[in-house]
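Visitor: I should like to go through this model by way of its helices, its annotated positions and a few individual residues. May we begin once it is on display?

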Amino acid sequence: MTLHHSSSQPVHIVGAGLAGSEAAWQVANSGVRVVLHEMRPLRMTEAHRTEGCAELVCSNSFRSDDAANNAVGLLHAEMRRLSSLIMRAADANQVPAGGALAVDRDGFSAAVTKALNDHPLIEISREEVAGLPPADWTNVIVATGPLTSAPLADAIRQLTDESALAFFDAIAPIVHKDSIDMSIAWFQSRYDKVGPGGTGADYINCPMAKEQYDAFVTALLEGEKVDFKDWETNTPYFDGCLPVEVMAERGHETLRHGPMKPVGLTNPHNPTVKPYAIVQLRQDNKLGTLYNIVGFQTKLKHGAQQRVFRTIPGLEKAEFARLGGLHRNTFLNSPKLLDAQLRLRAQPRLRFAGQMTGCEGYVESASVGLIAGLCAAAETRGLSLTPPPATTALGALLGHITGGHIETIETGPRSFQPMNINFGLFPPLANPPTKKPDGSRLRGNEKTVAKKQAISARALADLDHWIADHLRVAAAA
């Protein structure tokens, strides 16, 4: 480790959750001083119970650790290659959980806290940073999580605009396009309207007969719902973000006159029959691999969602990149507000990391902290870090946050939503595998497995090249 940059201005990091802790570690290991600001225990949040760094407030699982077949497992592997503190502490505090990486939450937080306390270039400052960080902090990473304090949220809004921050995550389920049955569904926009960046065939349409619609509405109303947490109940629904089951409660025909209206569309598979209702899916990413079910944000439990939404014609075998949800969450409209280095365009001394940038999940938050830390350290040293390739899990997640999202074709609720890492965020393979090593043809599910493994192998190879080309150069500088 080189310490020759320790006399220059420190990088200030606000928030010692997973993203802030990882960012601090990466900056300090690049030989740059860090002041890590954490308001706990001085001021607690509704969700935390300790003052430890990287306290896990929900589950204790980091999800699958299978780097060959699972996108989050791949992200684990990439982070380990970049000496991630979060992954080191997780590995050292593992508890049995099958193929998943689960941790002893107290041991994990204690390990992260100790490593940060022991590092000669890290100072932990227990204080709240209310409002914008002081003007003389020239290199700041804001990693304040999904429950960012009001003064800071207000300050960000004044710097940007009203739609900069969402306080409610209204998420419609997102489906892998290749799992939609196109012998039933078809591409068409209502009245063949061409929106900005559209072709007049921008939606995938799934038709319903009256009996199917009736059964669907009944299933929605009977499906098991998630309860609001106490501190979420006083956050009102936004217009355009009503849960689909709340719309259904307002009357049996409400959905047919709302997101499921059958007007302006003709089913090419059956042109003489007018569907009674139509479910539309809209492209969700520039790659065109993911589609969201329009207007279907929901409080249904995950099992009920899969069951009910797979009754939609064409979605019987739907694979979900993420299921719907609705909860309080502060996050930025990142594709519009942040550059490729995670800097706020309106004030580039501020970088953002973690959940507030629009990633979902522990490992994802930490990984964005990792990238923000590497970028901030490079900048302190007068260098500019090329982001990791889009073919890697780190690059794919960064791409989703800073530019992989398409603006919605029609006006309505803002469409950028937080996302877990998933294979739908990666660029497709140039030559997807068709044969097994023995030369025989891949069939059915074998193709999907082989494709995931090929994407993972490409990711790790490309990450190794990136580390060799960019990080060793930075280390030598």
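Visitor: Which residues are buried in α4?

Guide: This is a predicted model, in which local features need pLDDT of at least 70 and side-chain atom pairs count only at pLDDT 80 or more, while totals for chains, interfaces and linings use all residues. Residues are numbered from 1 along each chain as its sequence is written, and side-chain values use heavy atoms, with hydrogens and water left out. Buried means under 20% relative accessible area, against over 50% for exposed and in between for partly exposed (1.4 Å probe, protein chains only). In α4, the buried residues are F108, S109, V112, T113, A115 and L116.

Visitor: Why do these residues lie on the same side of α4?

Guide: An α-helix has 3.6 residues a turn, so residues three or four places apart point the same way. The arc is taken from the directions from the helix axis to the C-beta atoms. The buried residues of α4 are on the same side because they cover an arc of only 165° around the axis.

Visitor: Which elements do the buried residues of α4 pack against?

Guide: Helices (H or I, at least four residues) and strands (E, at least two) are DSSP runs, numbered from the N terminus. Contact means heavy atoms within 4.5 Å. The partners of the buried residues of α4 are the helices α1 (18-29) and α3 (85-92), together with the strands β2 (34-38), β3 (61-64), β5 (100-103) and β6 (122-126).

Visitor: What span does α4 reach from its first C-alpha to its last?

Guide: Helix α4 takes in residues 105-118, which is 14 residues. The expected span is 1.5 Å times one less than the number of residues, and for α4 the expected value is 20 Å. The span of α4 is close to that expectation, at 20 Å.

Visitor: Which residue caps the N-terminal end of α4?

Guide: A polar contact is a pair of N or O atoms within 3.5 Å; within protein, one must be able to donate a hydrogen and the other to accept it, and residues adjacent in sequence count only if both atoms are side-chain atoms. At this end of α4, a side-chain oxygen lies 3.0 Å from the backbone nitrogen of D106. The residue that supplies this oxygen, and so caps the helix under that definition of contact, is D104.

Visitor: Which positions does UniProt list for "binding site"?

Guide: UniProt positions are given in the numbering used here, with feature names shortened, and annotations may be inferred rather than shown by experiment. The record is an unreviewed entry, and it lists G15, A16, G17, L18, A19 and G20.

Visitor: Is A16 buried or exposed?

Guide: A16 lies in the loop between β1 (11-14) and α1. Leaving aside neighbours within four places in sequence, A16 is in contact with S21, L36, H37, E38, R40, C53 and A54. With a relative accessible area of 0%, A16 is buried.

Visitor: Which residues does G20 touch, not counting residues up to four places away in sequence?

Guide: G20 has its place in helix α1. At 0% relative accessibility, G20 counts as buried. The residues that G20 touches are I13, G15, L36 and A143.

Visitor: How many disulfides does the structure hold?

Guide: A disulfide is a pair of cysteine sulfur atoms within 2.5 Å. C53 counts as buried at 1% relative accessibility, and C206 is buried at 0%. The number of disulfides in the structure is zero.

Visitor: What separates the C-alpha atoms of L220 and E249?

Guide: L220 lies in helix α6 (residues 210-222) and counts as buried at 0% relative accessibility. Beyond its neighbours within four places in sequence, L220 has contacts that include V244, E245, A248, V308 and F309. L220 and E249 are 29 residues apart along the chain, and their C-alpha atoms are separated by 9.1 Å.

Visitor: Which residues of helix α8 are buried?

Guide: Helix α8 comprises residues 302-309. What covers its buried residues includes α6 and β14 (320-322). The buried residues of α8 are A304, Q305, V308 and F309.

Visitor: Which backbone nitrogen lies 2.8 Å from a polar atom of the side chain of N422?

Guide: N422 lies in the loop between α11 and α12 (445-476) and counts as buried at 7% relative accessibility. A polar atom of its side chain lies 3.2 Å from the backbone oxygen of N420. The backbone nitrogen at 2.8 Å from a polar atom of the N422 side chain is that of G424.
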